Amino acid sequence: SSGINAEYGQIPAIKMSHHGAKMLFSSKHDYRTLENLKNNTKMCQKYKESGKSVILHDRKYLVQQEPTSKSCSLYISSFDELQESTIKNSVLLTVDNDNALFAISVDDVTSFIDNGMQLIEPRPALFLLSKEDQGLATMGLNLLQWQMDNKYCSKCRTELKYHVSGRSCRCSNCDITYFPRYNPVVIMLVVCGEYCLLGRNRQFPSRMFSALAGFIDVGERIEQAVVREVSEEVSVDVEISQVRYVTSDFWGGFRRNYSPELMVGCVATVDKMQSPQCSEEIAEARWFHKDEIREALERSKIPGSHLKGDGLMLPPPFATAHQLAARWCNEC
């Protein structure tokens, strides 16, 4: 099958792999070890020298493709394969079965490309990698970008010194320790009986609708943010007592200069279907029956399906909006 050219970029015809890295903590020991490595320089250096790493170059992931099955997974490298001079920066990702996994940004991947590896962009990788590999790659991308964006103290401009784990940095002049942060965002499915309200962003394809979303303001609770954002975007009134938390997920870092986000997924129930009045950001907002949502959920699992047909399209399965819609449909 051919690749698809979507807003996520040109996607080659590669199937999902089940052989990539694992983002699993098999015991409490791994949680404790991970925390210890973030703070203990000597211990972290020892694990780093004996550990493995995923490789990034120019904000792209190095992946391997198996010729027989055409599957794709993150390429896992040992430090022996890397030349010290090519390493730009590194960050600890996880510990599994007492083995540490790092993400490393390198200047040169020629030797890997010559041996059959490929570089893929972050957005197409969402379709090509397993969920575990996606999580690790996205974490590595954002933490490495955080290091690149934070080289000097914001108080005194002294150059920051990073811990060997790459998970924190310190200003020797101000005695301030900095940690990576990301922005909380609410994403909500507004429902009324057998119907839910979806919006189409002006940047979306004509048939693509999604759950409403927006940043949580400073001092705002999750429920308050849901009520405010729904009112701002579509002029629909929601009671705070009718907002419930459902799930959360990490998102972002796929475009330069955009901060990563914690997507807080909620469902907001209203007593009657109010007519939506769209803000400037929303091109169209409509109420959809649960049967339409079920059909769209099935279509969205097929790569390239949004390029043909005339039915409603939802975000792909890895998106929080897709997960909210699926859970709502499965409730009854």
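Contact here means heavy atoms within 4.5 Å. The legends below describe close-up views of a predicted model.

**View 1. Helix α6 and the strands it packs against.** Helix α6 covers residues 222-234. Its buried residues are Ala 225, Val 226, Arg 228, Glu 229, Val 230, Glu 233 and Val 234. These buried residues of α6 pack against six strands: β14 (183-192), β15 (195-201), β16 (212-215), β17 (243-251), β18 (261-269) and β19 (282-289). The end C-alpha atoms of α6 are 18 Å apart, and this agrees with the 18 Å expected because 13 residues are counted at 1.5 Å a residue. Ser 235 follows the helix and has a positive phi, near 55°.

**View 2. The salt-bridge network around Arg 228.** Arg 228 of helix α6 meets two acidic side chains in this view, those of Asp 217 and Glu 220. In the bridge to Asp 217 the N to O distance is 3.7 Å. That pair links distant parts of the chain, with Arg 228 in α6 and Asp 217 in the loop between β16 and α6, eleven residues apart. The bridge between Glu 220 and Arg 228 has its closest N and O atoms 2.7 Å apart. Both Glu 220 and Arg 228 are buried. Salt bridges with shared partners join Asp 217, Glu 220, Arg 228, Glu 229 and Glu 232 into one network. Asp 217 has a relative accessibility of 42% and therefore counts as partly exposed.

**View 3. A salt bridge within helix α1.** Glu 35 and Lys 38 form one of the 13 salt bridges that the structure holds. The N to O distance between the two side chains is 4.0 Å. Both residues lie in helix α1 (residues 28-39), three residues apart, or about one turn of the helix. An α-helix has 3.6 residues a turn, so residues three or four places apart point the same way. Glu 35 is partly exposed, with a relative accessible area of 42%. Lys 38 is also partly exposed, at 22%.

**View 4. The aromatic pair of Trp 146 and Tyr 162.** The structure has six aromatic pairs. In the pair of Trp 146 and Tyr 162, the ring centres are 5.5 Å apart and the planes are at 80°, an edge-to-face arrangement. The pair links distant parts of the chain: Trp 146 belongs to helix α5 (residues 131-149) and Tyr 162 to strand β11 (residues 161-162), 16 residues apart. Trp 146 is buried, with a relative accessible area of 11%, whereas Tyr 162 is partly exposed at 24%.

**View 5. The aromatic pair of Tyr 182 and Phe 250.** Tyr 182 and Phe 250 form a tilted aromatic pair, 5.3 Å centre to centre with 55° between the planes. Tyr 182 is in the loop between β13 (176-178) and β14, and Phe 250 is in strand β17; the two are 68 residues apart and the pair links distant parts of the chain. Tyr 182 is partly exposed, with a relative accessible area of 40%. Phe 250 has a relative accessibility of 29% and so also counts as partly exposed.

**View 6. Lys 290 over the ring of Trp 328.** The charged end of Lys 290 sits over the ring of Trp 328. The distance from that charged end to the ring centre is 4.4 Å.

**View 7. Cysteines without a disulfide.** The count of disulfides in the model is zero. Cys 153 is in no disulfide, and the nearest cysteine sulfur, that of Cys 171, is 3.7 Å away. A disulfide would require the two sulfur atoms to be within 2.5 Å. Cys 153 is buried, at 0% relative accessibility. Cys 72 is likewise buried, with a relative accessible area of 0%.

**View 8. Two loop residues with positive phi.** Most residues other than glycine have a negative phi. Asn 97 is not a glycine, but its phi is positive, about 55°. Asn 97 is placed in the loop between β8 (87-96) and β9 (99-106). Asp 175, also not a glycine, has a positive phi of about 60°. Asp 175 is found in the loop between β12 (169-171) and β13. Asp 175 is exposed, with a relative accessible area of 53%.

Terms used
Residues are numbered from 1 along each chain as its sequence is written. This is a predicted model: local features need pLDDT of at least 70, side-chain atom pairs count only at pLDDT 80 or more; totals for chains, interfaces and linings use all residues. Side-chain values use heavy atoms; hydrogens and water are left out. Buried means under 20% relative accessible area, exposed over 50%, partly exposed in between (1.4 Å probe, protein chains only). Helices (H or I, at least four residues) and strands (E, at least two) are DSSP runs, numbered from the N terminus. The expected span of a helix is 1.5 Å times one less than its number of residues. Rings of Phe, Tyr and Trp (its six-membered ring) pair if their centres lie within 6.5 Å; planes under 30 degrees apart count as stacked, over 60 as edge-to-face and the rest as tilted. A charge sits over a ring if NZ of Lys or CZ of Arg is within 6 Å of the ring centre and within 35 degrees of the ring normal.
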